[in-house]
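Let's take a walk through this one together, from the overall layout down to a few single residues. Keep the viewer open and rotate as you read.

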Amino acid sequence: MAEKTYAGVAVSVDDEGYMTDPSQWTKEIATEIAKEEGIDITDKHFAVLDFIREKVASGAVLTIRSIGKSGTTDIKGFYQLFPGAPLKKATKIAGVAKPSSCI
Amino acid sequence: MSDEQKLPLKKVLLICAKGSIEDVYASLVMANGAVMEGIETKVFFTFFGLDAITKKRMNNLHTSTVGNPAMRMPGGVPFPTWLGGVPGIESAVSAMMRKQMEELDIPPVDEFLEMIEAGGGEIYACKLAIDMFKMKKEDLYDGVKDIITIGQFYEMADGSQTQIIFT
């Protein structure tokens, strides 16, 4: 288990940089991870991140489709907010495990 | 080997030539999966695969209940071939399959195509098959970008780290 320092706080992460303890997450940490991923975080991003954190905490499988139906953004918007690999990036910034979903 | 240079996929071109639920969804899952990874994605529908982008048929695809040795009844009992031929069975089995996919948050075909497009993926129809089935552009799902020849499709495979996948 590795550790990484974000916003002056040491957080535990896995080999790929995903936080392993979601309770350590703060908005400041998210802002710094986002910067690493090349994203300037906004309230729109945080709305999606909040949805992801709630969904994952409830134990449900996280899919792009569910984010599109979350009311926080549509799928096109999700790709624009987190360009490239949106689900991977968004979960990393949200401080939750790497998603194991194919959709 | 650690010093080996890794060259991740940059572009995927998929060809879907069959119209059963399993063949179409194999293509759609691979296409959407590629889009999700940030890989440039294009899908070419041809022959019976055109059903997946035909407005009237796309959300009512069937699976074959005859000649499929992997077909099972609920509970895992082998599915008798004679039963598969009984009128209505194929429809019922197909409807059940679509329902089970919906439970896993796998979307219907039209919504799946929209998801792929929302991520920048492109959908094409095969000109030869369109002519053969005497179809028109209006018969096709609105998201189809163009009707093209296989040669035009190959031209899109114009870079390194590009793969063409046939399902």
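Helices (H or I, at least four residues) and strands (E, at least two) are taken here as DSSP runs, numbered from the N terminus. On that count, chain B has six helices and five strands, and from the N terminus they come in the order β-α-β-α-α-α-β-α-β-α-β. A word on ground rules: this is a predicted model, in which local features need pLDDT of at least 70 and side-chain atom pairs count only at pLDDT 80 or more, while totals for chains, interfaces and linings use all residues. Residues are numbered from 1 along each chain as its sequence is written, and chains are lettered from A and ligands numbered from 1 in the order in which they are written.

Stay with chain B for a moment. Its C-alpha trace spans about 50 × 50 × 25 Å along the principal axes. Call a residue buried if 20 or more other C-beta atoms lie within 10 Å of its own, exposed if 12 or fewer, and partly exposed in between, with C-beta atoms placed from the backbone. By that yardstick, 28% of the 167 residues of chain B are buried. Contacts, meanwhile, are pairs of residues whose C-beta atoms, placed from the backbone, lie within 7 Å. Among the contacts in chain B with a separation of 6 or more, 72% join residues 24 or more positions apart.

Now for the strands. Two of them pair if DSSP finds at least two bridges between them. In chain B, β1(B) and β2(B) run parallel, with six bridges, and Leu14(B) has Val43(B) in β2(B) as its bridge partner. To get from β1(B) to β2(B) the chain passes through α1(B), and this β-α-β crossover is right-handed; that is, with the strands pointing away from the viewer, the path from the first strand over the helix to the second runs clockwise. β2(B) also pairs with strand β3 (residues 122-126) of chain B, again in the parallel sense, over four bridges, and there Phe45(B) is partnered by Ala125(B). Five of the six residues of β2(B) are buried, so this strand is largely enclosed by the rest of the structure.

The crossover helix deserves a look of its own. Helix α1 of chain B takes in the 16 residues 21-36, which at 1.5 Å a residue should span 22 Å, and its end C-alpha atoms are indeed 22 Å apart; the expected span is 1.5 Å times one less than the number of residues. Its buried residues include Val24(B), Leu28(B), Ala31(B) and Val35(B). What do the buried residues of α1(B) pack against? Within chain B they meet β1 (11-16), β2 (40-45) and α4 (109-118), and from chain A they meet α3 and α5. After the helix comes Gly38(B), with a positive phi near 80°.

That brings us to the place where the chains touch. The contact uses 13 residues from chain A and 13 residues from chain B. On the chain A side, α3 (64-68) and α4 (75-81) each supply at least two residues.

Deeper into chain A, have a look at α2(A). Its buried residues are His45(A), Val48(A), Leu49(A) and Ile52(A). They cover an arc of only 100° around the axis, which puts them on the same side of α2(A); the arc is that of the directions from the helix axis to the C-beta atoms. An α-helix has 3.6 residues a turn, so residues three or four places apart point the same way. The face turned away from the buried side of α2(A) carries the exposed residues Asp43(A), Glu54(A) and Ala57(A). The buried ones pack against α1 (27-36), α3, α4 and α5 (86-94) of chain A.

Two residues with unusually signed phi angles close the tour: Ala7(A) has a positive phi of about 50° although it is not a glycine, and Phe47(B) has a positive phi of about 45°, also without being a glycine. Ala7(A) sits in the loop between β1 and β2 of chain A, and is partly exposed, with 13 other C-beta atoms within 10 Å. Phe47(B) lies in the loop between β2 and α2 of chain B, and with 16 C-beta neighbours inside 10 Å it counts as partly exposed.

Key:
Contact = placed C-beta atoms within 7 Å.
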